[in-house]
Structure formats: structure tokens, C-alpha cells
Amino acid sequence: MDKKILIIAAILGITAIILGAFGAHGLKKVLSMDQLATFEVGVRYQMYHALFLLFIGTFSFLDEKERTVIFYLTLVGVLFFSGSIYFLATSTITHLKTKFLGPITPIGGVFLVSAWGYLFYSILTKKQ
């Protein structure tokens, strides 16, 4: 599982860099400043959680079950949170019907908060 966590962390990091560059250069002329700022929030949170997964994948203090739970909470959270933000921010140029994604963003946020909360709980309840 550690290798899987690290691979997904690397993929999230790579795609965050690519999407960040695409937003800064490719979307600059076609999106409003507000849309670009929104897109950047998605990139920023994706990168934060790529780094978080790198930490989780190498943190030996957690057992396999704890790492697995945190991994899936984080992965679903990033997909829902950042993914929905990317689609919402670019809806004017993609012409996709994205209104239904509005509620998905906070659900993703709840998953991300849950991952961090579960990490906190796991550390708090560990016996030395």
C-alpha cells in the first residue's frame, strides 16, 4: 500500500504542476480573473494533498489500516474538491453543464478534513 500511496502522490503532484502551468498560461486569455483564482484553489489543494500523501506513505508511525483509510479519504477528497473546481472554473469555455457539481466541492472538502481528522485521531490514540 505504501508504494501505491506514493505513486498516487506523485501523480497528483505532477498533474497539479501541469494544471497550474496550464491555468497560468493557457487559460489566462480565456477565463476571468475570478475563474483563474478559483482554478488555482483547486491546483493548490491538490498539491497540498499530494504532499500530504507523500508524508502518509512514508510515516511509519501509522499502521497499514490507518494509512489506507487516510489514503482513500484524501484521494476521494481531492477528486471531488479539486476536480469539481476545475470543471466549475472552466465551464464557460467547455460549455459543460456543471451546475450539479456545486455540492460536490464541499463534499470533497469534508473528505479532506476527515483525512486530516483521522490522522489526528490515529496519532492521539497511539500507545507509545
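Two residues are in contact here when heavy atoms lie within 4.5 Å of each other. Keep that in mind while you look at this model, which is a predicted one.

**Two helices side by side**

Let's start with helix α2, covering residues 33-58, and helix α3, covering residues 64-89. Two packed helices are described by the angle between their axes and the distance between the axes. For α2 and α3, the angle is about 165° and the axes are 9 Å apart. Angles over 145 degrees count as roughly antiparallel, so α2 is roughly antiparallel to α3. The crossing of α2 past α3 is left-handed.

So who touches whom? On the α2 side, the residues in contact include Phe39, Val43, Tyr45, Phe52, Leu53 and Ile56. On the α3 side, you'll find Ile70, Phe71, Val78, Phe81 and Ile85 among them. Sorted by class, the contact of α2 with α3 has 14 nonpolar, seven polar and one charged residues.

**Salt bridges**

Now for the charged side chains. How many salt bridges does the count come to? It comes to five. Here are some of the pairs, with the N to O distance for each.

| Acidic residue | Basic residue | N to O distance |
|---|---|---|
| Glu40 | Arg44 | 3.2 Å |
| Asp63 | Lys126 | 3.8 Å |
| Glu66 | Lys126 | 2.8 Å |

Take Glu40 and Arg44 to begin with. Both sit in helix α2, and because they are four residues apart, about one helical turn separates them. Glu40 is partly exposed, at 48% relative accessibility, and Arg44 is partly exposed too, at 32%.

Lys126 has a wider reach along the chain. Its salt bridge with Asp63 links distant parts: Asp63 is in the loop between α2 and α3, Lys126 is in the segment after α5 (104-124), and the two are 63 residues apart. Asp63 is partly exposed, with 35% relative accessibility, and Lys126 is partly exposed at 22%.

Lys126 also forms a salt bridge with Glu66. Glu66 lies in helix α3, so this pair ties together parts that are 60 residues apart in sequence. Is Glu66 buried or exposed? With a relative accessible area of 9%, Glu66 is buried, because buried means under 20%.

One more group is worth finding on screen: Asp2, Glu64 and Arg67 are linked in a network of salt bridges. You have already got a reason to look at Arg67, since Arg67 is one of the α3 residues that meet α2.

How values were computed: Residues numbered from 1 in each chain as written. Predicted model: local features only at pLDDT ≥ 70, side-chain atom pairs only at ≥ 80, totals over all residues. Heavy atoms only, no water. Axes fitted to C-alpha atoms, helices over the stretch in contact; angles between N-to-C directions. Parallel < 35°, antiparallel > 145°, perpendicular 65-115°, else oblique. Left-handed = near helix turned anticlockwise from the far one by under 90°. Nonpolar A, V, L, I, M, F, W, Y, C, P; charged D, E, K, R; others polar. Salt bridge = Lys/Arg side-chain N within 4 Å of Asp/Glu carboxyl O. Buried < 20%, exposed > 50% of the residue type's maximum accessible area, 1.4 Å probe, protein only.
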